[in-house]
Every structure is written in structure tokens, then in C-alpha cells.
Amino acid sequence: MSIRIKINGLWGLMRAAEMAGINPKDFDFDAGGWILSCLRIQRGWGAVTDQVFPFDEKAIEEAINTDQFLLPSAFDVNAKSNRLDFYSRVWDPDDCRLALERRATVQASFYISEKWRNPPEGKIDFQQSERNHAHSVVFYSPSAHHPFPIRWKYSEALSFINSWGEKWGNCGWGAMTDEFFINEMYEAWSYESQISIPKLFGSGIQTVQWDAQLSMERVFLACDIIDVDTDNRIAWGLGTIRRGEIHIDDVFVKPEFRGRGFGREIVTHFKKLSEEQQLPIRFWIPFSDVDTFEKREVVLGFMNENGLRIEKSPVDWAAGFAHPGQPIDLFPDFKLPPRATYVFADAPPVTRGEHVNNIESSCSSTLSSSAFPFEELSLVRMAVDIPEEYVKIGDVGTIVHVYPNGKGFEVEFPSDDSPKVATVRPNQIHPA
């Protein structure tokens, strides 16, 4: 049986800050963050629930001011059971759809402008002459997660949930065109629910080289260094094979284990795999690793020591990439985007066991099923016209499906040819 775990995103945000050496008293909730930082925390340390870490921003600030706040690392033991096994880069809208088809959840950061403030029905189909801010949203499969599918001229638009409340867009949801995704996305990752870490045996620190795993036209690769005795994920490298190349999305070593050769071991593994498979290899460099001059120097030194040459990025979602070749002296120029707001608040929940198809919204809802006296097989009457559903005021139908928390309904209406089914909101129907 699958269990869906609603995580506290602020814990992940503050745990990442603690890992970076930031004092909680100096923490800035409005500073934003990188999605990859959240992913690294979830994979290496885990995630905690609201019950374990019952704090919002106000409560955290009060606790810090009264010296009653425990460091996020104090909850690491509770977090470990909710670790993420695999994450992967998302390149473009088609890549996003593939991820949703294999039951992954996609989180992406975009440049945004004032046009985001109140787009009709949450339709993100406009061009932006100014890029004033950055923002992160979560994409779900409409068939599985969206009680109010947005029906408009772009039938293939990607549905996402925003963190600005249910008054924004379509009850907190929006729909984005491929063009906007391509032009404005600078960081996107999939939380993979179908890829699991191999079972471990023995004791001590082990290097775990995963067998390649295939899921929905994508081959996933991983190499882990794990202390089996303490179940501590010390370092890892994650990647994919696509378009005839090996792409390493992330190489990460926990801070307390750096300088011991673990990063070199992971890079060597993937370089050897590239030679054996006779496939070119690219190590993508994330913005989170080079957002200061000091970090860029560390990355440059690491790549040079491992016989990798850094090249200028050909895409907007990475600071650069490295491949086997002659080292360079200076990191290539790149445009550093701003850190996105709500990166951690939007972080998808953790699911234990087999993926749950109907995941509830990650934003809290003020609606409850008890507020609406409707259940399956109830007769209802339309209170409004919905032209795109071909139903009008006064039409009577039968509820054939109730979405979680009474947020929406599938209603079947009789017709001359065959019954038609429409998706409606609670405020669009009355008891018949």
C-alpha cells in the first residue's frame, strides 16, 4: 500500500541553509533558492512532516528570537525515512511530459513579470519584455491531479500548481504553453517515483554502481557511495542516456566528506562507462554550484583535476558543462539567474511505496468535502453555462466521480447520441 507524506518545505529550505553554514538568525525567507538544493537535501537527508517540524515562517522567527529554535539537523533522524531515491533534469516541455507519463513530479523555475500577477484562468501564454523576478511551480499530470482541467486553445498546455493561493488562476492552478516553458525556464527537475536505490548488503563504506534502469524512453544511471552501517548516503552521481550521449545531471558529496576522493571516484566511474559504451559524456554544471566566485573556483579546480574541460553552456538551464579534454584556466561566462521564490514551499510530497496516482494538491485547501452535499450518483443541476463542456444552465446530470476534498466533479449528462461527461466545480452546480 502506498502512503503519501506531506512534507514541511521550510525544513528543507533551512536544512540547506544550515548545510551552507548560514546561521538561523541570519536566514532570509525571501531570498529564494535553487530546486537542486532541495533535491540534494531530500536525497541525502530526507524530509520531515508538519507533525515533526510544526513551524511556519512566523513560528520559526519567534523561536529564533527566544533562543528556543532547534537547528534543522536535529530532525535528521526523522527525515531519513522520507528520502528521495532519484531525480533528473528536465530539458524542455516534451521532456516534462515524458516525466509526467512515467509518474514523476516536475518542479521548474521561470523568469516572471508582472503579467503573472493575475493571468485570466491561470493561462501563461504571453511574452515578457521584462523579467523582474523568478518563481518556482510544480507540474502534475492533469488526468491524475487536476480536478479542473483548463480547456483553452492550447490543448497540450502543461498544468501546474502555483503557491499564491486558490484565488490565483484556476483555483490556484495554471496552464503554460510550450513556447513560454522554452523561453523562460532556467531550472527544471523531475522527482522520480519509479526509480529505486538497489538493496545493500555487507558493511562499511561501499560504492554502489546501479544497473541502468529504463523508464518511459529514458535510461537512468547512478553511482552512490554509502556507509551501509549508518545508512548514510555520502556522495552520489545521477544521470541519463539520451540522444546518444551520457548526461550526468548531478555529482554531489556531502560537505563533511569532501576532500576524500569520493567525487573523483564517481566521475571516474562515469568516464569509464562512457568509454565502455562508446558514448560521449557531458557533466552538466548547475547554477547552485557556481553562484559565487569562490564556488566557481572550486568547480573549476575539481573539473581540471579530473581531466574534464568546461565549455560554455549551449542552454539556459545550466551554467556550463564539462567533458574529457584539456583543462582551462577561467570559468566560461554565463548568465546567473536569480534564485526562485517558493522553491522549497512548492517541493512535491514524498510518496512511500508504489506511486500514488491521485496525489492531493501540495497547497492547503480551504474547501472540504463536508461543505458540499454531493457524492457519487447525486443528481445535480447546472448553475452556469460551460460552453467548452457543451452544458448550459438547467442541464441535469449525475455525478460519476468526486475529486478529493470535494474540489470538483465529473458529471454525466444524457444526450441524443451518447452520454457526455463534464468536469465542473462545486460552485457551478446545485442539487437537482
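This report looks at two buried residues, two nonpolar cores and one helix in a predicted model.

Residues are numbered from 1 along each chain as its sequence is written, and side-chain values use heavy atoms, with hydrogens and water left out. Because the model is predicted, local features need pLDDT of at least 70 and side-chain atom pairs count only at pLDDT 80 or more, while totals for chains, interfaces and linings use all residues.

**Two buried residues**

Helices (H or I, at least four residues) and strands (E, at least two) are DSSP runs, numbered from the N terminus. Buried means under 20% relative accessible area, exposed over 50%, and partly exposed in between (1.4 Å probe, protein chains only).

| Residue | Place | Relative accessible area |
|---|---|---|
| S88 | strand β2 (residues 86–89) | 0% |
| P337 | loop between β16 (320–324) and β17 (350–352) | 3% |

Take S88. Its side chain makes a polar contact of 3.4 Å with the side chain of D249. A polar contact is a pair of N or O atoms within 3.5 Å; within protein, one must be able to donate a hydrogen and the other to accept it, and residues adjacent in sequence count only if both atoms are side-chain atoms. Contact alone means heavy atoms within 4.5 Å. Beyond its neighbours within four places in sequence, S88 has contacts that include W189, F220 and R242.

Now P337. Outside its neighbours within four places in sequence, P337 touches W34, Y111, Y186 and F287. The C-alpha atoms of P337 and A134 lie 8.0 Å apart, although 203 residues separate them along the chain.

**Two nonpolar cores**

A nonpolar core is a set of buried Ala, Val, Leu, Ile, Met, Phe, Trp, Tyr and Cys residues joined through side-chain atoms within 4.5 Å. The largest has 35 residues. W11, L39, F53, I60, F69, F86 and Y87 have the most contacts inside it. Elements that each supply at least two residues of this core include α1 (9–19), α3 (57–65) and β2. The largest share, 6 residues, comes from α1. Another core, of 33 residues, lies apart from this one; W34, Y186, V267 and M303 are among its members.

**One helix, two sides**

Which residues of α3 are buried? They are I60, A63 and I64. Seen down the axis of α3, these residues fall within an arc of 100°, so they line one face of the helix. The arc is that of the directions from the helix axis to the C-beta atoms. The buried residues of α3 pack against α1. The face turned away carries the exposed residues K58 and N65.
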